[in-house]
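Here is a short briefing for a first look at a structure. Please view the sequence and the model together.

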Amino acid sequence: MREIKFQIYWIAGHEMLYDTNNDLEFRDKENYWITDLSDAINQPERYKVRQYTGLKDKNDIEIYEGDIILVNVFMSKHVTGLVAFDRGSFCVTGNFEGWGYDCNTTNFWEMSTNGNEYKVIGNIYEHNHLLG
C-alpha cells in the first residue's frame, strides 16, 4: 500500500509547503495555519494541493502530482512529462507517441512496470518553463 502524503504550493508566497511531521499541518510565511487539507482545497486561488504518487525517481526523490519528470522511454531517449491525477489514477502527459504508448497521456503505474526510469526536474508551479 502506498504512503498517503501531500505538499501544498502557496501561490502568493511562491513557496512549497511541506508536512514535515506527517500530521497534515502546514504553515505559510504569513503564519496562516492549514490544519486540514480542506482549508487548502477550498482556497484554490491561494493554494495548490499535490499528492504523493507512491513512486520515487531514479535518485530516490518522491514523485508528486504536478511534478515535471524526464522519462527514459528507450535507451537514452527522454520525454519530458507532467505527472497528473486523471480518471482515478496517476498519469504522465507528454509526447509518448511512437514509444509504445497509445496516446499522449499514459498510466504512470503502467510505465513504471515497463522498466522506465524517471527523474524529477521540477514542478509545474515553480518550473513550468521546463514543459516547453
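The points below cover confidence, one aspartate, aromatic rings and two backbone angles.

This is a predicted model, in which local features need pLDDT of at least 70, side-chain atom pairs count only at pLDDT 80 or more, and totals for chains, interfaces and linings use all residues. Residues are numbered from 1 along each chain as its sequence is written, and side-chain values use heavy atoms, with hydrogens and water left out.

**Confidence**

- The chain has an average pLDDT of 79 (the predictor's confidence in each residue, from 0 to 100). At least 70 is the score of 72% of the residues.
- Among the chain's elements, strand S6 (residues 62-64) has the highest mean pLDDT, 93, and strand S10 (residues 105-107) the lowest, 57.
- Strands are DSSP runs (E, at least two residues), numbered from the N terminus.
- Where pLDDT is low, the predicted coordinates should not be read in detail.

**Aspartate 67**

- Aspartate 67 belongs to strand S7 (residues 67-74).
- Its relative accessibility is 3%, so aspartate 67 counts as buried. Buried means under 20% relative accessible area, exposed over 50%, and partly exposed in between (1.4 Å probe, protein chains only).
- The side chains of aspartate 67 and arginine 50 share a polar contact of 2.9 Å. Such a contact is a pair of N or O atoms within 3.5 Å; within protein, one must be able to donate a hydrogen and the other to accept it, and residues adjacent in sequence count only if both atoms are side-chain atoms.
- A polar atom of the aspartate 67 side chain also lies 2.7 Å from the backbone nitrogen of tyrosine 64.

**Aromatic rings**

- There are three aromatic pairs. Rings of Phe, Tyr and Trp (its six-membered ring) pair if their centres lie within 6.5 Å; planes under 30 degrees apart count as stacked, over 60 as edge-to-face and the rest as tilted.
- Tyrosine 52 and tyrosine 64 make a tilted pair, 5.4 Å centre to centre with 40° between the planes. Tyrosine 52 is in strand S5 and tyrosine 64 in strand S6, so the pair ties together parts 12 residues apart in sequence. Both tyrosine 52 and tyrosine 64 are buried.
- Phenylalanine 85 and phenylalanine 90 have ring centres 5.0 Å apart and planes at 70°, so this pair is edge-to-face. Phenylalanine 85 is partly exposed, at 40%, whereas phenylalanine 90 is buried, at 2%.

**Positive phi**

- Histidine 14 is not a glycine, yet has a positive phi of about 50°. Histidine 14 is exposed, at 61%.
- Aspartate 60, also a residue other than glycine, has a positive phi near 70°. Aspartate 60 is exposed, at 53%.

Conventions: Helices (H or I, at least four residues) and strands (E, at least two) are DSSP runs, numbered from the N terminus.
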